[in-house]
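Let's take a walk through this one, starting with its hollows and ending with its charged contacts. Keep the 3D view open as you read.

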Amino acid sequence: MATQPLLEVDGLTKHFPVTEGVFLSRQVGSVKAVDGISFEIHPGETLALVGESGCGKTTTAKLILGLERPTAGRVLLRGKDVHRLQGEDYRQYRMDVQAVFQDPWSSLNPRIRVGDLIAEALVVNQRLPKQEVKDRVAQLLQEVGLSPDQANNYPHEFSGGQRQRIAIAAALVSNPKLIVLDEPVSALDVSIRAQIMNLLKDIQREHQVSYLLIAHDLATTRYMADKIAVMYLGKIVEYGDTEEVFDNPLHPYTQALLSAALPSHPDVHREEIILHGEPPSPLNPPPGCNFHTRCPFKVGDICEGERPTLKQVDGKNHWVACYIH
């Protein structure tokens, strides 16, 4: 029997208004940062959002974290619309959904001791005895590979990898159900990335926490994610089980992304797909398929007509928005 989704994103849309004028400003358009996307994340599962800069990944993360309000659509956590929560329900949501950001150098307050940084979510949302908070901080520091004695140190006394471990401990302190990982290893030395990825996988097994992984690096995505959603210009163009999408990419944009990534072995040869031109402006996306202006396989007028929707492929958990398929 399939488990109920922890997180459901249904038709999520975020358009930012564009105005001109100073005193008598008027709206002249809108930037379609996220344009009607839907996906699910189940308990203990990792979904990766991938795509080039500006495709809407980070805006999607902000909508799920409640840092932006949607223009349309819903974000449901255990069946409740997170943008309509109030009172106790909202407080519980703030504990259930946490984030680990890309840059461990700027995501931690340099004036606050590490122990207080980690404990912040407990202090703000729960009235616990000081000793219980201290014990929880010590436990989490050990769990992420640091010493409880380091709770009194300041962030500048740690390396980049250690800082990211502290950020992970801070995200875990409230026993969240979902953690948004926004490029969690891209700012770290290559030698440390594997350690942090393994730590995140160990934590997921131990706590059955779900991850929404925002990533550029496809090797990180393949190692970490159970499912993958490929975004282009605010829309999901391909979605499915990670291994299925990597082994059998169907959308021309996904094929181009994978062809540009380093192969898993030096002896593996694959044809590189060169995309010509720049991505269209999200202020004025093209009609029909957003990708047709750069697609090497465009089929006549159909790709410039109606916008394609995600269709399931051969009964598999693999969906693609492309008229070729």
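How many nonpolar, polar and charged residues are in the lining of the largest pocket? Bear in mind that this is a predicted model. The count comes out as 16 nonpolar, four polar and two charged residues. The pocket itself has a volume of about 570 Å³, and 22 residues line it. If you want to centre your view, go to Gln 98, Ala 99, Phe 101, Glu 120 and Ala 170, which lie nearest the middle of the pocket. Strand E6 (97–100), helix H3 (114–125) and helix H5 (160–172) each bring at least two residues to this lining, with H3 giving the most, six residues.

Now for the enclosed spaces. Searching the whole structure turns up two cavities of 30 Å³ or more. The largest holds about 70 Å³ of space, and its lining has nine nonpolar and two polar residues, with no charged ones. Among the lining residues are Cys 289, Cys 295, Cys 303 and Cys 322, along with His 251 and His 292. The second largest cavity holds about 50 Å³, and here the lining divides into three nonpolar, two polar and three charged residues. Glu 183, Arg 193 and Asp 217 are among the residues around it.

Tyr 323 and Ile 324 take us from the inside to the outside. Both help line the largest cavity, and both also belong to a nonpolar surface patch of about 420 Å², together with Phe 297, Val 299 and Ile 302. Tyr 323 sits in the segment after strand E12 (318–320) and counts as partly exposed because its relative accessibility is 32%.

On to the charges: the model has 16 salt bridges. One of them pairs Lys 227 with Glu 45 at 3.4 Å, N to O. That pair ties together distant parts of the chain, 182 residues apart, with Lys 227 in strand E9 (residues 227–232) and Glu 45 in the loop between strands E2 (26–41) and E3 (46–50). Both partners are buried.

Arg 84 and Asp 81 make another salt bridge, with their closest N and O atoms 3.5 Å apart. Arg 84 is exposed, at 69% relative accessibility, whereas Asp 81 is buried, at 16%.

Arg 91 and Glu 88 meet at 2.4 Å, N to O, and both lie in helix H2 (residues 87–96), three residues apart, or about one turn of the helix. Arg 91 is partly exposed at 25%, and so is Glu 88 at 47%. Elsewhere, Arg 78, Asp 96 and Lys 177 are joined into one network by salt bridges that share partners.

Note on methods: Residues are numbered from 1 along each chain as its sequence is written. This is a predicted model: local features need pLDDT of at least 70, side-chain atom pairs count only at pLDDT 80 or more; totals for chains, interfaces and linings use all residues. Side-chain values use heavy atoms; hydrogens and water are left out. On a 1 Å grid over the protein atoms alone, a cavity is a set of points where a 1.4 Å probe fits but cannot get out, and a pocket is an open set with protein on both sides within 12 Å along at least five of seven lines; lining residues have an atom within 4 Å of a point. Grid points are joined across faces, edges and corners, and a volume is the space filled by probe spheres set on the points. Ala, Val, Leu, Ile, Met, Phe, Trp, Tyr, Cys and Pro count as nonpolar, Asp, Glu, Lys and Arg as charged, and the others, Gly among them, as polar. Helices (H or I, at least four residues) and strands (E, at least two) are DSSP runs, numbered from the N terminus. Patches are made of residues with over 30% relative accessible area and no salt bridge: like charges are joined within 9 Å, nonpolar side chains (Val, Leu, Ile, Met, Phe, Trp, Tyr) within 5 Å. Accessible areas come from the Shrake-Rupley method with a 1.4 Å probe; for residues, only the protein chains shown count as cover. A salt bridge is a side-chain nitrogen of Lys or Arg within 4 Å of a carboxyl oxygen of Asp or Glu. Buried means under 20% relative accessible area, exposed over 50%, partly exposed in between (1.4 Å probe, protein chains only).
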